[in-house]
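Hi there,

Here is the structure I promised to pass on to you. Please open it beside this email and follow along as you read.

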Amino acid sequence: MADKLRTLLIVEDDPALQKQMRWAFDGFETVVASDRESAIAQLRRHEPPVVTMDLGLPPAPDDVTEGFQLLSEILVLAPSTKVIVLTGQHDRENAVRAVGMGAYDFFGKPFEPELLALTIDRAFRLYDLQAENARLQEVQAGALAGLLTRAPAMQKVCRTIERVSSASVTVTLLGESGTGKEVLARGLHSMSPRAKERFVAINCAAIPDNLLESELFGYEKGAFTGAAKQTPGKIETAHKGTLFLDEIGDLPMPLQAKLLRFLQERVIERIGGRQEIPVDVRVVCATHRDLKAQIQAGLFREDLYYRLAEIVVEIPPLRERLGDSVLLGQAFAQRFSKEHGRSALSLSEDARAAIEAHSWPGNVRELENCLKRAVIMADGNRITAEDLGLSAVEEDVEHLNLRHVRDEAERRAVVRVLARTGGNIAKAADILGVSRPSLYDLMSRFGLKKEL
């Protein structure tokens, strides 16, 4: 069975040019329309991801009014569809106007089919990225709604969180700052039997040592100067729910002993009090520090570590989550565009390359802040590497042998998809858009085993 081709709608009133474009773009399932009415009908029938359209359409081919009317209707009916506007070589004003309205790109006529095909292919890839983004957001809706990923390592973390959520065990989340530890902690709580009770979070590194004890354990009236009334602490407040201790690696030694006693006995005493108060709470901890190294350095109690580390989940940094940075970047661009009342901004080719090449030492938090700034600074409807404040990625021209580049790109794509599908050939072939025999041929050429 032939592989299903991607649908491309060509809006062109010149029959000769229609025929030329259908022949030039035979790698797509081309659908043709010659005027605005037939174009809308084809759009509704086929829902094409990409449209190429001439601005000069009947009944007045020398006027752009009909073309701009069609563009407006496409953007309303199918906002995710990528529209490439074809204009005269010297008609830059209308081309810029079309992009400003929301067209993906413009191309001058007469055009070189090979160059236009590259632009069409980029438009399809952007459409696929945004569709995957929306699909993952729908899948993740609910417990892990704040987390978006396609990386196998991160998906494994999500499955672990789902499995341990129902068990009454203490969970420690290890990962660099900005990797999403609190998002996972909240997800764990919302999937647990305690979901209807409170989720109480405290950052152990953000509160001075002399105040942290009263924040955690509370105090009685008159316990110290300024203690005007009895005040329960975070642990007591989280009774029946979940207590999230962020940056547990920064907890002072004296409080480590007191926290250990609570974990063993499940009772607390407020500062200045003598009464033991039983507390039923699920404890989730997080830290960016290496707790075993902290133990060796005498900065963290080993007995407390083993109380906290009943289940340890290591969260990979963004730089190790292949493909996630661009996926998240596009999601943040859409979210902040909506928040700032702008039409949905997309990432340009150089922006996606720059995001993928950047190491993101601040992880998802850094990426989020970067996109928030870029949405504010962007002039057009696309975010560039310059808007992001990132250097454009420059390829070494000596290594741009097309055959080698294509082979390497195909090899990486096959490896990534096989990893994502757990080696399922049928699913991998479907995602890659090839037949199963073609995928086996590619695996053989690249020396890949089926177990990958």
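Let's start with one pair of residues: L9 stands opposite V31, which belongs to strand β2. Before going further, please note that this is a predicted model, in which local features need pLDDT of at least 70 and side-chain atom pairs count only at pLDDT 80 or more, while totals for chains, interfaces and linings use all residues. Residues are numbered from 1 along each chain as its sequence is written, and side-chain values use heavy atoms, with hydrogens and water left out.

**The sheet around L9**

Strand β1 covers residues 7–11 and pairs with β2 in the parallel sense, over five bridges. Two strands count as paired if DSSP finds at least two bridges between them. The strands themselves, like the helices, are DSSP runs numbered from the N terminus: a strand (E) has at least two residues and a helix (H or I) at least four.

Which strands make up the whole sheet, and in what order? Five strands form an open, parallel sheet, and the order is β2-β1-β3-β4-β5. At its edges are β2 (29–33) and β5 (105–109), each of which pairs on one side only. On average, neighbouring strands here are turned by 20° against each other, direction ignored.

Two helices lie across this sheet. Helix α1 (residues 15–24) lies across β1, β2, β3 (50–54), β4 (82–88) and β5, and runs at about 170° to β2. Helix α2 (residues 36–46) lies across β1, β2 and β3, at about 150° to β2. For such angles, axes are lines fitted to C-alpha atoms (for helices, over the stretch in contact), and the angle between N-to-C directions runs from 0 to 180 degrees. Contact means heavy atoms within 4.5 Å.

**A second sheet**

Further along the chain, five strands form another open sheet with parallel pairing, in the order β7-β10-β13-β6-β14. The edge strands are β7 (199–203) and β14 (311–314); each has a single partner strand, so one side of each has no neighbour in the sheet. The twist from one strand to the next averages 15°.

Have a look at how these strands are joined:
- β10 (residues 242–246) runs parallel to β13 (residues 282–287), and five bridges join them. F244 has V284 in β13 as its bridge partner.
- β6 and β13 are parallel too, joined by four bridges. Here the bridge partner of V171 is V284 in β13.
- β6 also pairs with β14 in the parallel sense, over four bridges. L173 has V313 in β14 as its bridge partner.

In a regular strand the side chains alternate between the two faces of the sheet. Are the residues on the two faces of strand β6 buried or exposed? In β6 (residues 171–174), V171 and L173 on one side and T172 and L174 on the other are all buried, so both faces are covered. Buried means under 20% relative accessible area, exposed means over 50%, and partly exposed lies in between (1.4 Å probe, protein chains only).

**Salt bridges**

Side chains of opposite charge can pair when their charged atoms come close. A salt bridge is counted when a side-chain nitrogen of Lys or Arg is within 4 Å of a carboxyl oxygen of Asp or Glu. By this rule there are 21 salt bridges.

One of them joins K109 to D54, with the closest N and O atoms 2.8 Å apart. The pair links distant parts of the chain, since K109 is in strand β5 and D54 in strand β3, 55 residues apart. D54 is buried, at 12% relative accessible area.

Another joins E213 to K258, again with closest N and O atoms 2.8 Å apart. E213 is in helix α8 (residues 209–217) and K258 in helix α10 (residues 253–265), 45 residues apart. E213 is partly exposed at 29% relative accessibility, and K258 is partly exposed at 26%.

**Domains**

The domain assignment gives domain 1 (7–138), domain 2 (152–314), domain 3 (321–388) and domain 4 (402–446); such bounds come from an automatic or database assignment. The centres of domain 3 and domain 4, taken over C-alpha atoms, are 28 Å apart.

An unreviewed UniProt entry lists residues 147–376 as "domain: Sigma-54 factor interaction". UniProt positions are given in the numbering used here, feature names are shortened, and annotations may be inferred rather than shown by experiment. In the model, the span 147–376 is 44% helix and 15% strand, and its end C-alpha atoms lie 23 Å apart.

Enjoy exploring!
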